[in-house]
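Visitor: I'd like to talk through this one with you. Can we put it up and start with where the chains meet?

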Number of protein chains: 2
Amino acid sequence: MEQSTIVLKGDICYSKSLGELTTLEQGFLVCEDGLVAGVYERLPERFAGVPLQDFGHQLIIPGLVDLHVHAPQYSYRGMHMDLELLDWLNHYTFPEEAKYTDTDYARKRYPVFVDDLRRSATTRACIFATVHVPATEILMDLLERSGLRTMVGKVNMDRNAPDYLCEESAEVSAQETVEWVKDCRKRYRNTKPILTPRFTPSCTDALMENLKMIQMRYGLPLQSHLSENLSEIEWVKELCPQAEFYGDAYDRFGLFGVDCPTVMAHCVYSDEREIRRMKENGVFIAHCPESNMNVSSGIAPVRRFLEEGLHVGLGSDVAGGADLSIFTAMMHAIQASKLRWRLVDESLRPLSAAEAFYLGTKGGGAFFGKVGSFEPGYEFDAVVLDDSRIADPREYKILDRLERFIYLHQEQDVKAKYVAGRELQK
Amino acid sequence: MEQSTIVLKGDICYSKSLGELTTLEQGFLVCEDGLVAGVYERLPERFAGVPLQDFGHQLIIPGLVDLHVHAPQYSYRGMHMDLELLDWLNHYTFPEEAKYTDTDYARKRYPVFVDDLRRSATTRACIFATVHVPATEILMDLLERSGLRTMVGKVNMDRNAPDYLCEESAEVSAQETVEWVKDCRKRYRNTKPILTPRFTPSCTDALMENLKMIQMRYGLPLQSHLSENLSEIEWVKELCPQAEFYGDAYDRFGLFGVDCPTVMAHCVYSDEREIRRMKENGVFIAHCPESNMNVSSGIAPVRRFLEEGLHVGLGSDVAGGADLSIFTAMMHAIQASKLRWRLVDESLRPLSAAEAFYLGTKGGGAFFGKVGSFEPGYEFDAVVLDDSRIADPREYKILDRLERFIYLHQEQDVKAKYVAGRELQK
């Protein structure tokens, strides 16, 4: 038996689908060559000699997936949340992001973000950096060493940004992006580049056209923002009068999921046309409920997306969201869905804890391939959670413990973490 | 100089009013005989010889106040939140509360609640127990020993409760209440009895009349629930067709603040008549935003209450709320107010972090007298918070650190705690 086979024992919990949560007390979870071999009530004979890690009654769940987070904003998470999106960007976000022109600043700040992400229950993330290539590569170096699997975007923005942050031209932005992408391919295994036009207001048509060419040349996924805030949506209408709806402003350039995996954050105000287009194009939605509360955006119709069979995952959206924890994102997703049901539309029933868990694991994990579940053949991302601090006493079913963990977890409750079969050091 | 004078040094923060937050880096906070003597930039000469505790750059704030929490529900906090209020009561709450018939069960469960409350940043609380006097006194014994200052209610309910929990009659309920009140007066200094008719649907007119007599005889404050959930409000209309509005169903019995301090939890759907009556009668509102999300009740118009000058504080409402932390209640209060502004009524602007802090300190503290601020003459409730875990780096103003602490605190960040001048043991 090779060393690449390992067995974890504990109270196991994972989703097969939105409505199907599997739990197994004192089960065995087997990893072979970085993939899940299976979950077993009794360990099959053929794994008898394999190293077994017994986690007692701790919970073992798939690693969580953060589909939308801004690394440079981590330093001011939980502050300045008295403004709406566009004012918040101008007052706080852009001045902070501009500091990453300075690589020393990046070397000081990014380790804090990466360390906290590594210690969290998240194993995969789609991350916005800034426009600066050197600082972005400092971030990617750190992420590569962390053992996490991430997609990281050098941000593109060549209009409607302050002079100190705006890229010189579409061509310069594109040129730097190409060089960065080439460099990434040489340097990183676990850290992939993802195209990152900030959002429609930040990108000229010429830049969008350039990005499409780069996407096709290098086969790159893409992340951006969509239909987050009413003022933003009005602005996009002014900027792109020819677009049928906000998402169409991306789709006109082929940057809305048609050729490569694409994840759009927020979709708070996506209408039926936009929902249909996302479905046709296979666009992923990063639902960021805390951010949508904090920046006073509103509540996305997640149930509607799920009814349509759209791909939905969760995003912390630090620093629109204060908390890097995807468990916290699950809590806010449930709470926001209840308020939306009560205050906006009683036809869309709230999310359950099991459904929010699905979104934070397999739902978002699909953006990374077979990730976010313990079904055979899935990449072996697992985290071990000690809920004894909140157990009081330990007599509950796994689903109940999971629900409680969503509301009451703390960072230090994560006791072990595996990404693609490899255990991360604490 | 007597031992009852102490000085704390650190980064101090407290509210004078809703709109007025005072901060002082490296300030001196002086306690004399259990009361605040003052906050000083430089320590006055007359305190030169007094024992000084230097907390460095830790935050020193008034103790937090929880105006509404159910001790027996603590054991299932963060679970079973897939139902609305009335179903949730019948399925989970009543069966659990019934277990407190057994004093052994109370002796096993209540210490967990009291220990966690003691370790939290809360120094004062209004607490619901159950209908059972022996179990309620077990809880009160524990609270008395904790050093916290609390008001605790033996619950009254003589109708619309399951047989196994419903009190036999209004007379029996009243009789037991009187004996309990007498007993409390002998046994406790820091732990006061508070009349606790569960809510209108649980109490017959005869019981309400009895409770009014008991209130007048013993001068007791009162806590209950008000206008939380639409189905509940409809039910009260059916039960009390003569009442002009929900609050009037209490007021008809003189149990709505006219003679004694009264705190009503929720007020999600209080209309203008109810708001006016609360103002006339000086009723306190315990705003419980997390519970109102979790049980799908809605969002209370807190800004409207504040515009009217009503007394408003925060409640964790465990287990409708999952988290005992009043910092978490502040976070949810801000977030809920933003969603209400966006989705319901843009004339009521959202709460700021400083305003939420006021609600969780001085706003609710007023129910206990001069509590919740560091103005001279206030009872000396103080907590010391270490935010270095989230400081990254420590270059922010105190208000920014406070805002961040609201979103990102953990239980163990509370480093020291004083109640009425006495330091609690960790």
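Visitor: How many salt bridges does the rule find across the interface of chain B and chain A?

Guide: The rule finds 0 salt bridges across that interface, a salt bridge being a side-chain nitrogen of Lys or Arg within 4 Å of a carboxyl oxygen of Asp or Glu. Please keep in mind that this is a predicted model, in which local features need pLDDT of at least 70 and side-chain atom pairs count only at pLDDT 80 or more, while totals for chains, interfaces and linings use all residues. Residues are numbered from 1 along each chain as its sequence is written, chains are lettered from A and ligands numbered from 1 in the order in which they are written, and side-chain values use heavy atoms, with hydrogens and water left out.

Visitor: And how many residue pairs are in polar contact there?

Guide: There are 24 such pairs across the interface of chain B and chain A, both residues at pLDDT 80 or more; a polar contact is a pair of N or O atoms within 3.5 Å, where within protein one must be able to donate a hydrogen and the other to accept it, and residues adjacent in sequence count only if both atoms are side-chain atoms.

Visitor: Which element gives the largest share of chain B's side?

Guide: That is H11(B), with 8 residues on the side of chain B that touches chain A. Helices here are DSSP runs of H or I with at least four residues, and strands are runs of E with at least two, numbered from the N terminus.

Visitor: What area is buried between the two chains?

Guide: About 4,100 Å², of which carbon and sulfur atoms give 52%, counted as the accessible area (1.4 Å probe) that two parts lose on being put together, summed over both.

Visitor: Changing topic, how many aromatic pairs are there over all chains?

Guide: The structure holds 26, where rings of Phe, Tyr and Trp (its six-membered ring) pair if their centres lie within 6.5 Å, and planes under 30 degrees apart count as stacked, over 60 as edge-to-face and the rest as tilted. One of them joins Tyr250(A) and Phe256(A), whose ring centres are 6.3 Å apart with planes at 5°, so the pair is stacked.

Visitor: Are those two buried or exposed?

Guide: Both Tyr250(A) and Phe256(A) are buried, which is to say under 20% relative accessible area, with exposed meaning over 50% and partly exposed in between (1.4 Å probe, protein chains only).

Visitor: What about Tyr76(B) and Trp88(B)?

Guide: Their pair is tilted, 6.1 Å centre to centre with 55° between the planes. Tyr76(B) has 4% relative accessibility and so counts as buried, and Trp88(B) is buried with a relative accessible area of 4%.
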